[in-house]
Amino acid sequence: MASLQASTLLLPSSSSSCCSRKINAAIHVPNLPKLNFSVPKISTRKQLGEDLNIRQDRFMNTVITTTPIEDRSDQSATIVTTQLYAILEAVADRVEMHANIGAQRDNWNTLLLNSINMITLTAATVAGIAATGGIGMPLLALKLSSTLLYSAAMGMMVIMNKIQPSQLAEEQRNATRLFKQLQTQIQTMLAIETPTQEDVKDVMEKVLALDKAYPLPLLGTMLEKFPEKFEPAVWWPSNQVQKKNKGKQCNTPRDNNGWSEELEMEMREIIQVVKRKDIEDYVRLGNLGLKINKVLAISGPLLTGIAAIGSAFVGNGSCAAIVAVAAGALASVVNSFEHGGQVGQVIEMYRNCGGFFQLMEESIEATLEERDLEKRENGGLFEMKVAMKLGRSLSQLRELARKSSTSSHVDEFASKLF
């Protein structure tokens, strides 16, 4: 028992010593170096809001200073395109207006011609019946009827000769064709080019020039039908030719934009042929037609007035009936020749053809006067356009220029179209 107690007493002491050693081993750890960690300061909600506002302001400032520079060109292009579409709508409306008014004035020519001839022939018939033996009140009634009919026919003939409905109809047909041509040019510009504000200005000038050349109303702005001198029609702006060739270069500078000395000489010879033959001939025919129309416009009402006076003295065995009937018949023939033959329409056709050749002449001269070849229209394209306008192939155009250069007299016209 004593030995057991001693062992129990020793055992706790030994276990405590072991525990103390373990504790000491755990406590006596080598000192580690101190490390300083910087923990970020947590921002409050107010500070986060201020930071977001600052960053948003900086972003908006950046957008404001950079976005308009990029959008300005797009906005300008959009405005130009919108303006051209607005002009295109106005041109399409003018095409419709001129076509409708042209048809109306062509109807005027037909209706007035038939009405005047019927009235004139009726008056001549009544005058002839009165001369066959009428007496008393029947004779007076026939004479009065014939005189009134002749007077009405004379007044209508004066108005018709003044306005020349056939010429008015031809003016509107030409205006319709030229406005359709302008409409096609605008559509082509919108389709394959990048239009600018200068293009909008040029198109507006063309529209206004056409409005001036071919007015719609009769009173105040109607073109003079009997001018002192025949002049070709002008339907293009005065500065159109100078701006026409701007920005249409197609080739590189090394080939002079398609131009050469031979091509320039060819264009100069074509101008000379157009001046000597086409323009001169159309001006001559225009002056001749104008003189004939003036004579006819005076003769018709004059003969009708003579017939009216003669019909007032029909009877009593006088020869007044012969004057009344013969003058009335001649007046009907003159009116039919003038308006049935549409002499005014022929004169307007000559004016339009003369203007066509004048525009071609100015276009070629302005192109050749431009010394900077890169500012001209491409030479090959320009030559092809001239050939097509004259109804010739390129070989025929060059042959015509060769004939003009070797001989001062060329027996053919530059144009094969008209």
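Here is a short tour of this protein, from its overall build down to a few single residues. The model is a predicted one, and its secondary structure comes to 11 helices and 0 strands. Of the 418 residues in the protein, 37% are buried.

**Overall build**

- Read from the N terminus, the elements run α-α-α-α-α-α-α-α-α-α-α.
- Take the contacts between residues at least 6 apart in sequence: 85% of them join residues at least 24 apart.

**The nonpolar cores**

- The largest nonpolar core holds 54 residues, and Trp 235 and Met 267 have the most contacts inside it.
- Several helices each give at least two residues to this core: α2 (45-130), α4 (165-192), α5 (197-213), α7 (261-312), α9 (343-369), α10 (379-389) and α11 (394-406).
- Apart from this core lies another one, of 6 residues, with Ala 123, Tyr 150, Ala 307 and Ala 327 among them.
- If you would like to look around Met 267, set aside residues up to four places away in sequence; Met 267 then touches Trp 259, Ile 364, Leu 368, Phe 382, Glu 383, Val 386 and Leu 397.

**The second largest pocket**

- This pocket offers about 380 Å³ of space.
- Its lining is made of 22 residues, and those closest to the centre are Leu 223, Glu 231, Pro 232, Ala 233 and Arg 351.
- Helices α4, α5 and α9 are the elements that give two or more residues to the lining of this pocket.
- By type, the lining divides into 13 nonpolar, 1 polar and 8 charged residues.

**Helix α8 and what follows**

- Helix α8 covers residues 320-340, which makes 21 residues.
- From its first C-alpha to its last, α8 reaches 29 Å, close to the 30 Å expected at 1.5 Å a residue.
- The buried residues of α8 are Ala 320, Ala 321, Ala 324, Ala 327, Gly 328, Ala 331, Ser 332, Val 334, Asn 335, Glu 338 and His 339.
- When you look at such a list, it helps to know that an α-helix has 3.6 residues a turn, so residues three or four places apart point the same way.
- Ala 327, buried in α8, is also one of the residues of the 6-residue core.
- Just after α8 comes Gln 342, which takes a positive phi of about 55°.

**Asn 293, a residue in α7**

- Asn 293 lies in helix α7.
- Asn 293 counts as buried because its relative accessible area is 0%, and the cut-off for buried is under 20%.
- Leaving aside neighbours within four places in sequence, Asn 293 is in contact with Gln 164, Phe 226, Glu 338, Val 343, Gly 344 and Ile 347.
- One of these partners, Glu 338, is itself among the buried residues of α8.

**Two partly exposed lysines**

- Lys 162 has its place in helix α3 (residues 136-163).
- With a relative accessible area of 48%, Lys 162 is partly exposed.
- Beyond its neighbours within four places in sequence, Lys 162 is in contact with Met 222 and Lys 225.
- Lys 162 and Lys 225 are 63 residues apart along the chain, while their C-alpha atoms are separated by 7.3 Å.
- Lys 389 lies in helix α10 and counts as partly exposed, at 35% relative accessibility.
- Lys 389 and Phe 356 are 33 residues apart in sequence and 9.4 Å apart in space, C-alpha to C-alpha.

Conventions. Residues numbered from 1 in each chain as written. Predicted model: local features only at pLDDT ≥ 70, side-chain atom pairs only at ≥ 80, totals over all residues. Heavy atoms only, no water. Core = buried A, V, L, I, M, F, W, Y, C linked by side-chain atoms within 4.5 Å. Buried < 20%, exposed > 50% of the residue type's maximum accessible area, 1.4 Å probe, protein only. Helix = DSSP H or I, 4+ residues; strand = E, 2+ residues; numbered from the N terminus. Contact = heavy atoms within 4.5 Å. 1 Å grid on protein atoms, 1.4 Å probe; cavity = no way out; pocket = protein on both sides within 12 Å on 5 of 7 lines; lining within 4 Å. Points joined across faces, edges and corners; volume = space filled by probe spheres on them. Nonpolar A, V, L, I, M, F, W, Y, C, P; charged D, E, K, R; others polar. Expected span 1.5 Å × (residues − 1).
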